[in-house]
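Please consider the model shown below together with its sequence. The paragraphs after it proceed from the ligand to the elements around it, and then to the sheets and to one helix position.

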Amino acid sequence: MLEIANLTVRYGKHLALDAVNLTVGSGEIVVVLGANGAGKSSLLKGVAGMVPRDAGSVTLNGTPLDGLHAHSLPNAGLALVPEGRGMIGPMTVEENLRLGATPDRARDHEDETLEQVFDIFPRLKERRRQILRTMSGGEQQMAAVGRAMMSKPDILLLDEPSLGLAPIIVGDLFRALAKVRDTGMGLLIVEQNVTISLRNAERGYLLEAGRITGAGTAQDLMQDDAVKDAFLGGAA
Ligand code: ATP
C-alpha cells in the first residue's frame, strides 16, 4: 500500500500541493482528476522525489520513502511513466522494455516479465524489433507502461497517459491498464480524461488548486455533481 500523508510541494512562494492525503492499495487503480495546473504532476513528482517535499510523508508497504531520487525509484518498488514518456527513440521496442528491468528485484525475472508485458500488449510483441520513435503515439505510450512494468513495481505512477491520444486508443490503453492492475500492481493515475479513467478505476480523488476536494469510489464519482461541474460542464 502506498500512503501519501500531508504531502506539500512549493515552488518558491507558489503552493502547488497543499497537504494531500491519499492511498493506493495493491490491485487497484486510483485516479486523481484535476484540470490543467491543479497540481497533478506535482503530486507524482512529490511522491517520486523529483521535487522537494515541503512537508508530508510517503510510505510504501510501511517503509518511508524519504530522500528518494528518481534513479532510486525502481529499487524502492515504484515506477513512474512521466508525461512525455521518457523513452529512447532510436532503440527498438524490446531494448526499451529490457532497460526497465535494471533493479535487483526485476533482473532475475526479466524474460518472464517481458512475456507478461507482451500478453497485455500484443502489439508490442509484434513490433518488438521496431525502432521506437517510428511507432504511433499510442504504441509508444504502451511501450512506456511496459517498460515501467519490467521493473516489477508494487505501484505504478502514470502522468496523464491519455494525453494526445485518439479516444479509441485511450480506450485500448485503459483496458490494458486494467489488466496490469489484475496482476496485483497498484496504479496511481493522474488524468483529465474523467470518463474513461473512472470507468476503469476502483477509486478516485478530485484535485483542485493543489487540494483534494473530493474522494470516493469510481462509481460514486461518476454520479457526483462536483465532478460533472468541474469536468463535464454539468452535462454528463
Ligand atoms: P498540467 O496538466 O497542466 O500539467 P498539473 O495539474 O500537472 O497541470 P502541475 O504541473 O503540478 O499541474 O502544476 C501545479 C502548479 O504549479 C501550476 O500552477 C504550475 O504553474 C505550477 N508549477 C509547476 N511546476 C513549476 C515550477 N517548476 N516552478 C514554478 N511553478 C510551477
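What follows is a guided reading of a predicted model.

The ligand is a convenient starting point. Its surroundings comprise 14 residues, of which Gly37, Lys40, Ser41, Ser42 and Glu160 come nearest. Sorted by class, this shell contains four nonpolar, seven polar and three charged residues. Several polar atoms can be placed individually against oxygen atoms of the ligand. For glycine 37, a backbone N or O atom lies 2.7 Å from a ligand oxygen. In asparagine 36, an N or O atom of the side chain is 3.2 Å from an oxygen atom of the ligand. Histidine 14 contributes a polar side-chain atom, which lies 3.3 Å from an oxygen atom of the ligand. In terms of area, the ligand taken alone exposes 630 Å², and the protein buries 59% of that.

Which elements give two or more residues to this shell? They are strand 2, spanning residues 14-24, and helix 1, spanning residues 40-48. Helix 1 gives the most, with three residues.

Helix 1 merits attention in its own right. Seven of its nine residues are buried, and the helix is thus described as mostly covered. The buried set consists of Lys40, Ser42, Leu43, Leu44, Gly46, Val47 and Ala48. Lys40 and Ser42 therefore appear in two roles: both are among the residues that come nearest to the ligand, and both are buried in the helix, because each has a relative accessible area under 20%. Just after helix 1, glycine 49 adopts a positive phi of about 75 degrees.

Strand 2 leads on to a sheet. Strands of a sheet pair through backbone hydrogen bonds, in either a parallel or an antiparallel sense. Here, four strands form an open sheet in the order 2-1-4-5, with antiparallel pairing. Strand 2 and strand 5 (63-64) stand at the edges with a single partner strand each, so one side of each has no neighbour in the sheet. Strand 5 pairs with strand 4 in the antiparallel sense over two bridges, and threonine 63 in strand 5 is the bridge partner of leucine 60.

Strand 4 covers residues 55-60 and includes threonine 59. Is threonine 59 buried or exposed? Its relative accessible area is 18%, so threonine 59 counts as buried, the limit being under 20%. Setting aside residues up to four places away in sequence, threonine 59 touches Met1, Leu2, Glu3, Pro64 and Leu65.

A parallel pairing is found elsewhere in the model. Strand 6 (residues 78-81) and strand 7 (residues 155-159) pair in the parallel sense over four bridges, and leucine 78 stands opposite isoleucine 155 in strand 7. Both faces of strand 6 are covered. Leu78 and Leu80 are buried on one side, while Ala79 and Val81 are buried on the other.

The last position to examine is alanine 143, which lies in helix 7 (residues 137-150). Alanine 143 counts as buried because its relative accessibility is 0%. Apart from neighbours within four places in sequence, its contacts are Met87, Leu97, Leu124 and Leu132. Phenylalanine 118 is 25 residues from alanine 143 along the chain, and the C-alpha atoms of the two are separated by 9.9 Å.

Technical notes: Residues are numbered from 1 along each chain as its sequence is written. This is a predicted model: local features need pLDDT of at least 70, side-chain atom pairs count only at pLDDT 80 or more; totals for chains, interfaces and linings use all residues. Side-chain values use heavy atoms; hydrogens and water are left out. Buried means under 20% relative accessible area, exposed over 50%, partly exposed in between (1.4 Å probe, protein chains only). Contact means heavy atoms within 4.5 Å. A residue is near a molecule or strand if one of its heavy atoms lies within 4 Å of it. A polar contact is a pair of N or O atoms within 3.5 Å; within protein, one must be able to donate a hydrogen and the other to accept it, and residues adjacent in sequence count only if both atoms are side-chain atoms. Accessible areas come from the Shrake-Rupley method with a 1.4 Å probe; for residues, only the protein chains shown count as cover. Ala, Val, Leu, Ile, Met, Phe, Trp, Tyr, Cys and Pro count as nonpolar, Asp, Glu, Lys and Arg as charged, and the others, Gly among them, as polar. Two strands pair if DSSP finds at least two bridges between them.
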